[in-house]
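Let's take a walk through a protein together with the RNA strand that sits beside it. Keep the picture open as you read, and turn it whenever a new part comes up.

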Amino acid sequence: MDDTNSLIQQRRDKLKALNEAGVDPFKNFAKPTHGCGAAREMFERGDLKEGDRVLIAGRITAHRDMGKSQFIDLKDVSGRIQVYAQKQELEKRGPTQFEIFKQLDLADFIAAEGTLFRTRTGEPSVKLESFVILSKALRPPPAKWEGLADPEIRYRQRYLDLISSDEVKATFLKRSMIVREIRAFFHERGYVEVETPMMQAIPGGAAAQPFKTHHNALGCEFYLRIALELYLKRLLVGGIDKVFEIGRNFRNEGLSRRHNPEFTMLEAYEAYGDYATMMETVESLVKRIAERVVGKLVLGRTLAVEPVRRLLEDALNSPQAAFGPGSLWGRLEAEQAERFAFLQSLLTLAPETVTFAEVAKARAICVEFKQWYKELHPDWNQQASLPVQIQAFNRLERALRPYSESEIDLNVWNKPRYRDLVRQAVSEMTEGLFPDWFALSPEDRKNVAVNQLGLGGDIAAAYEDFEVTGAVFEKLVEPTLIQPTFVTHLPKQLVPLAKLDPNDPTSVEVFECCINGQEISPGYSEQNDPVAQREALEHQAGGEQQKLDEDFLAALEHGMPPAGGIGIGIDRLCMMLLGQESIRDVILFPQLRPKV
RNA sequence: GGGUUGGUAGCUCAGCGGUAGAGCAGCGGCCUUUUAAGCCGUUGGUCCAGGGUUCAAAUCCCUGCCAACCCA
C-alpha cells in the first residue's frame, strides 16, 4: 500500500508540473448539468439534441489518442459518455489547454463542458470546449479489460473492485434498492421503524457467541448484540404494535461463504398476528422485492462448481468407492462404464463449462447405479440394514440436488411440516427400510443417523435426541430446499421463544423459510406467557443465571400482546435474489484478517 | 482448527533447477471521428517473508504471513 513504483512517481511528477503551471488539480466545482450516462441516454432518446450544451463531471476510464484528436470516456454513477477533444478547439480557450489535456491520466476526475454530437461511428459524444481537473489520481487504476481478479484486493480495496466492475457495482446498488423496498413495504403496512441497542449487558435472542467489549466510564462489560429480538418485544409491551428494525448483528464465530461476523438482520413483529400472518408477510415481501429490484419472479442461480467437484471426487476416489472399476462391481458393463466415464469427465472439465444440466445427469446416474446394484444383489435388503453402496449412491444423489436446479421460482411457496420432511428424507435415503423416523427409539435414531445416513461426522456422542433429528434436517433436508419453502412446526426444543402448537405440544408454531438451500427467515407465533418463557430461557441458559435477561422477563410479566415475528438475514436474501454464491459478494467490506 | 490451491511488473498471467517473460497500462514518436483504436520504439521486478538443499533456486524442501475453496 505504501509502495512507490514508477507509475506512481510519474503521476506525482505530473501533479507537480500542474501545480507549477498554476493549475489546481483538486478544484471544487459547481454542479454538473447532466450525469454522464444520463446525458448519453437523453441524447439517445431525443430529450437532448445535437448541439445542446452539457456540463458533465466524472472519472476518465479510457483514453484513445489520435494525435490532434483525443477521445476519453468519462464515467459517473449514471454511466459513461465519450468526450472528443480537438487541438484547434481547445486552444481557443488557452494555448496550453490541449497540452494539459494530453497530460490527463486514466482515473483522473475532470469536469467537461461542450456540445452533444455523434461521431462518424454513431457514438454519442461531447465535443469538448473547456475542462477543469477536479481530482488528480496518484495511483494507476486496475487494467480496464481484465479487471480485478485477485479476491483479496477486491475485498480489501473494494473501491477498486467497484471502479473496474460494473457488475459488482450493480450488485451493490441493487442491495441498496432491496433495503429500500423492505423499508417501504413495512412502512406501507403501518410498521414503525426503530433502533435498539447494539451494546447489551446480556446478549439475548439467539444462541451464538458474542463479541465482548468494555465501557470505561461505566466500568462494565458489554456485548455486541447477536439478535434484535428481546428489545423489539419490549416495544410490543410498550404498545408499538407493529415494529421493525434493520440493523447489524455480530456473532463471534467462523467465517465462510455464508457467514460474516457482522451481518444485517431485519426483524419485524406484529401484535395480534401469528406465524401464519408472518408467512404471508415474508412471501409478499420477497415477491415484491424480486419484482421491483430484479424485475422477475423466476430467478437464475449460479452453479458453485467446487463443491460439486469435491462430492464427485470423494464418491469416485474414496477407498470404498461404490462406482467404477475395482469397486464392488467386479466388472463394468459397457453402459455402466459410459456413465462412470461421464462422472469422471466432470472432474476434468473447465469450471465454466460445467452446467446445472450435467449435475442433473450425474444425479440420474446415481439412481441408475443404484438400480443396477439392486438387480445384481436381489437380496440387498435382507439385513434390514442398507448396503454401503446404496448409501453412497443415495448420499451423492441428494448432495448433488442443490447444484442441479438452475432457477428459483418465487411463484410457488410450499408449507411442509418439519417432521414430514425429515421422515421423507430418511425413508428415501434408506430405500424405505425406515419409513417412520419418529417411530424409532431415540437410540435407534442415533444409530441409523450414524450408520445408515452417513451423519457420523455431524453427530456428537452427547447429542440429545432432538439434535440428532436436527442434524438430519440440517444436512439432508435444508440444502435441498432450493424452491421457496416454509418448513413449519419445529420441535419445541429448537425454538425457546415461540408458542407451543395447541394440537401438538411437542412442536411450536414456527416456520423456517428456506430458499436457495439456506434458511432465509425464521418466523414464530411469539411466546408471550412469562412463566413458560422463563422456563424455556432457563433451560436454554443451562443453569447460568447471569445469562438470563431478567428485565426482558419482567417486561413480559407486564403483558405482551400475542404477536407474530420474523427475522430475515438481509445478506442471504441478497445472495439469493442477486445470484451470488458468497456472502462476501453482497457485503461491501467483508471481514478479513487485518494486514500487517 | 484440518485439507487443497494460490501469492512473479500497476493489472491479468506464463515460466517450475541454468541470463526475469508476455499482453494490457505507462513513457517517447506518427496519425483531426476513435472506442479493448492502430503502427514504431521503450521503461518498469525485494519472483509474499525467512531459513535450508545445490556449483546454481522464482522453480526443490521447511517454517511463517495473506487469500480462495472444501471440511469441522
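Before we start, one term: two residues are in contact when heavy atoms of theirs lie within 4.5 Å. Please also keep in mind that this is a predicted model.

Now look at the chain as a whole. Among the contacts in chain A between residues at least 6 apart in sequence, 67% join residues at least 24 apart. The C-alpha atoms of chain A fill a box of roughly 95 × 75 × 50 Å along the principal axes. Chain A has 596 residues, and 47% of them are buried. Its secondary structure comes to 19 helices and 19 strands.

Some of those strands form a barrel, so let's find it next. Strands of a sheet pair through backbone hydrogen bonds, in either a parallel or an antiparallel way. Here, 5 strands make a closed barrel in the order β1-β2-β3-β5-β4, and their pairing is mixed. On average, neighbouring strands of this sheet are turned by 55 degrees against each other, ignoring direction. For one pair to try out, take β3 and β5 (residues 124-135), which run parallel and are joined over 3 bridges. In this part of the picture, you can spot V83 standing opposite V126 in β5.

Next, turn to RNA strand B. Which residues are the closest to it? In total, 47 residues surround RNA strand B, and the closest are Q10, T121, K144, E152 and R593. By type, the residues of this surface divide into 16 nonpolar, 12 polar and 19 charged.

Several elements contribute to the surface near the RNA. At least two residues each come from α1 (6-20), β1 (53-65), β2 (69-76), β3 (79-86), α5 (151-156) and α10 (305-317). Three of these names, β1, β2 and β3, are already familiar from the barrel. The element that gives the most is α5, with 5 residues.

Which parts of the RNA does the protein meet? Of the atoms of RNA strand B within 4 Å of the protein, 62% belong to sugar or phosphate, and the rest belong to bases. Let's zoom in on some places where a base is involved. At Q86, a polar side-chain atom lies 2.6 Å from a base oxygen of RNA strand B. At G67, a backbone N or O atom lies 3.0 Å from a base nitrogen of the RNA strand. Finally, a polar side-chain atom of E146 is found 3.5 Å from a base nitrogen of RNA strand B.

Methods
Residues are numbered from 1 along each chain as its sequence is written. Chains are lettered from A and ligands numbered from 1 in the order in which they are written. This is a predicted model: local features need pLDDT of at least 70, side-chain atom pairs count only at pLDDT 80 or more; totals for chains, interfaces and linings use all residues. Side-chain values use heavy atoms; hydrogens and water are left out. A residue is near a molecule or strand if one of its heavy atoms lies within 4 Å of it. A polar contact is a pair of N or O atoms within 3.5 Å; within protein, one must be able to donate a hydrogen and the other to accept it, and residues adjacent in sequence count only if both atoms are side-chain atoms. Helices (H or I, at least four residues) and strands (E, at least two) are DSSP runs, numbered from the N terminus. Ala, Val, Leu, Ile, Met, Phe, Trp, Tyr, Cys and Pro count as nonpolar, Asp, Glu, Lys and Arg as charged, and the others, Gly among them, as polar. Two strands pair if DSSP finds at least two bridges between them. Axes are lines fitted to C-alpha atoms, for helices over the stretch in contact, and angles run from 0 to 180 degrees between N-to-C directions. Buried means under 20% relative accessible area, exposed over 50%, partly exposed in between (1.4 Å probe, protein chains only).
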